[in-house]
Amino acid sequence: MSAALFHPTREQMRLEHVLEALANPIRLRVVRTLAEQAESTCGAILPDVSKSTASHHWRVLRESGLVDQRREGRHLHMRLRREDLDSRFPGLLDSVLRSLEQQEGDGRDAS
């Protein structure tokens with residue numbers, strides 16, 4: 001049996017951990033992808049990243065409170081914790097996503 005995955009409660013989410021997680025372009029790419037779809041498997045989101053590197057990014061995102069992961073057989077499914085983020089840090093996620101859209105519009109992709 002595998003160990004349970006740690007997910008902070010809404011009250012345990014810390015702004016500095018969320019911002020640190022969002023400071024990485026690969027993790028920003030994951031957040032943007034999950035903002036556009038309800039849920040996805042971890043392997044489908046970052047097929048071009050090694051498993052060990054992707055696992056590190058999943059852990060940072062999960063432990064910061066940005067994403068929720070659930071096991072289904074051998075696969076991990078991931079979703080953005082938008083409701084928790086919007087409640088805990090109002091406007092933060094929308095600002096980050098809007099900034100990414102603006103960068104793309106300017107020709108500077110963040111990923």
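The exercises below, each with a worked solution, concern a predicted model. Residues are numbered from 1 along each chain as its sequence is written, and side-chain values use heavy atoms, with hydrogens and water left out. Because this is a predicted model, local features need pLDDT of at least 70 and side-chain atom pairs count only at pLDDT 80 or more, while totals for chains, interfaces and linings use all residues.

**Exercise 1.** Work out which pattern the helices and strands follow along the sequence.

Solution. Begin by listing the elements, which are DSSP runs numbered from the N terminus (helices: H or I, at least four residues; strands: E, at least two). The chain has six helices and three strands. Reading along the sequence then gives α-α-β-α-α-β-β-α-α.

**Exercise 2.** Determine the order of the strands in the sheet.

Solution. Two strands pair if DSSP finds at least two bridges between them. On this basis the three strands form an open, antiparallel sheet in the order β1-β3-β2, with β1 (40–41) and β2 (67–72) as edge strands that each pair on one side only. Between β1 and β3 there are two bridges, and S40 stands opposite M78 in β3.

**Exercise 3.** Find which members of the largest nonpolar core touch the most other members.

Solution. Such a core is a set of buried (under 20% relative accessible area, 1.4 Å probe, protein chains only) Ala, Val, Leu, Ile, Met, Phe, Trp, Tyr and Cys residues joined through side-chain atoms within 4.5 Å. Of its 26 residues, V30, W58, L61, L66, M78 and L85 touch the most other members.

Terms used: Buried < 20%, exposed > 50% of the residue type's maximum accessible area, 1.4 Å probe, protein only.
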